[in-house]
Amino acid sequence: MRTARLRTVHPVLWAGWAALAAGAVLCVIGWYGISGERFAERQLPYLASCTVPGAALIIAGAVLLTHGRGALAAARVEELYGLLVAAEPAEAAESGQAAAAPRAVSGDLLMVPGGTLWHRADCPLVAGKAEAVPVDAKLVRSGELGPCPICEPAEADD
């Protein structure tokens, strides 16, 4: 399952590689032209027409690759997050049933010390974690802790 954003990132990566390759070829041609000339005034045309644009293409290719890889990583994180918080499981979608019950329904609320969210006890993000402790109602009321977007505990539960 690939998102549309993943498909738009690949041309950026290809353009980055193409710019790097073209820049390297121009730099080699410029170096070869300069190496055959003895006087500086005869080397300048090679420098201006091949080496400088080649270096600029190498820098542009590196920027495109960096941007493309960052966008690719962000798209993958979004895709994984979408899979994690999907409203209905795959079996329900295939059988045509309505959306299933919430992932977590426990009334006990937990938090991880140093964390910023509070969770239901059976939330997949804190289930089985020994460091999870019961929520302090003062932290919830003060706004230091927010509800988990996965298990969506209601504030009336605390």
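**Exercise 1. The sheet**

Find the residue in strand S3 that is the bridge partner of Leu-110, and then work out how the strands of this predicted model are arranged in their sheet.

*Solution.* Step one is to look across from Leu-110, whose bridge partner in S3 is Pro-134. Step two is to take the two strands as a pair: S1 and S3 run antiparallel and are joined by two bridges.

Step three moves to the pairing of S1 (residues 109-111) with S2 (residues 117-120), which is also antiparallel and has three bridges; here Met-111 stands opposite Trp-118. Between these two strands of the hairpin lie five residues, and Gly-114 takes a positive phi near 90°.

Step four adds S4 (residues 146-147), which runs parallel to S2 and is joined to it by two bridges, with Leu-117 standing opposite Gly-146.

Putting the pairs together gives an open sheet of four strands in the order S3-S1-S2-S4, and the pairing is mixed. Strand S3 (133-134) and S4 each have a single partner strand and therefore stand at the edges, with one side left without a neighbour in the sheet.

**Exercise 2. The span of a helix**

Check whether the distance between the end C-alpha atoms of helix H2 (residues 40-84) agrees with the span that its 45 residues should have, and locate the kink in H2.

*Solution.* Begin with the expected value: at 1.5 Å a residue, the 45 residues of H2 should span 66 Å. Next, compare this with the model, in which the end C-alpha atoms are 63 Å apart, which agrees. Finally, follow the helix along its length, where a kink of about 45° is centred on Leu-47.

Leu-47 also belongs to a nonpolar surface patch with Leu-44 and Val-52, and together they have about 260 Å² of accessible area; Val-52 is found in H2. By contrast, the buried residues of H2 include Cys-50, Gly-54, Leu-65 and Glu-79.

**Exercise 3. Classifying Ala-22**

Decide whether Ala-22 counts as buried, partly exposed or exposed, and state how far its C-alpha atom is from that of Ile-58.

*Solution.* First place the residue: Ala-22 lies in helix H1 (residues 4-35). Then apply the cut-offs, by which buried means under 20% relative accessible area and exposed means over 50%; because the relative accessibility of Ala-22 is 33%, Ala-22 counts as partly exposed. Last, consider the distance: Ala-22 and Ile-58 are 36 residues apart along the chain, and their C-alpha atoms are separated by 7.8 Å.

Definitions and conventions. Residues are numbered from 1 along each chain as its sequence is written. This is a predicted model: local features need pLDDT of at least 70, side-chain atom pairs count only at pLDDT 80 or more; totals for chains, interfaces and linings use all residues. Side-chain values use heavy atoms; hydrogens and water are left out. The expected span of a helix is 1.5 Å times one less than its number of residues. The bend at a residue is the angle between axes fitted to the seven residues ending there and the seven starting there. Buried means under 20% relative accessible area, exposed over 50%, partly exposed in between (1.4 Å probe, protein chains only). Two strands pair if DSSP finds at least two bridges between them. Patches are made of residues with over 30% relative accessible area and no salt bridge: like charges are joined within 9 Å, nonpolar side chains (Val, Leu, Ile, Met, Phe, Trp, Tyr) within 5 Å. Accessible areas come from the Shrake-Rupley method with a 1.4 Å probe; for residues, only the protein chains shown count as cover. A salt bridge is a side-chain nitrogen of Lys or Arg within 4 Å of a carboxyl oxygen of Asp or Glu.
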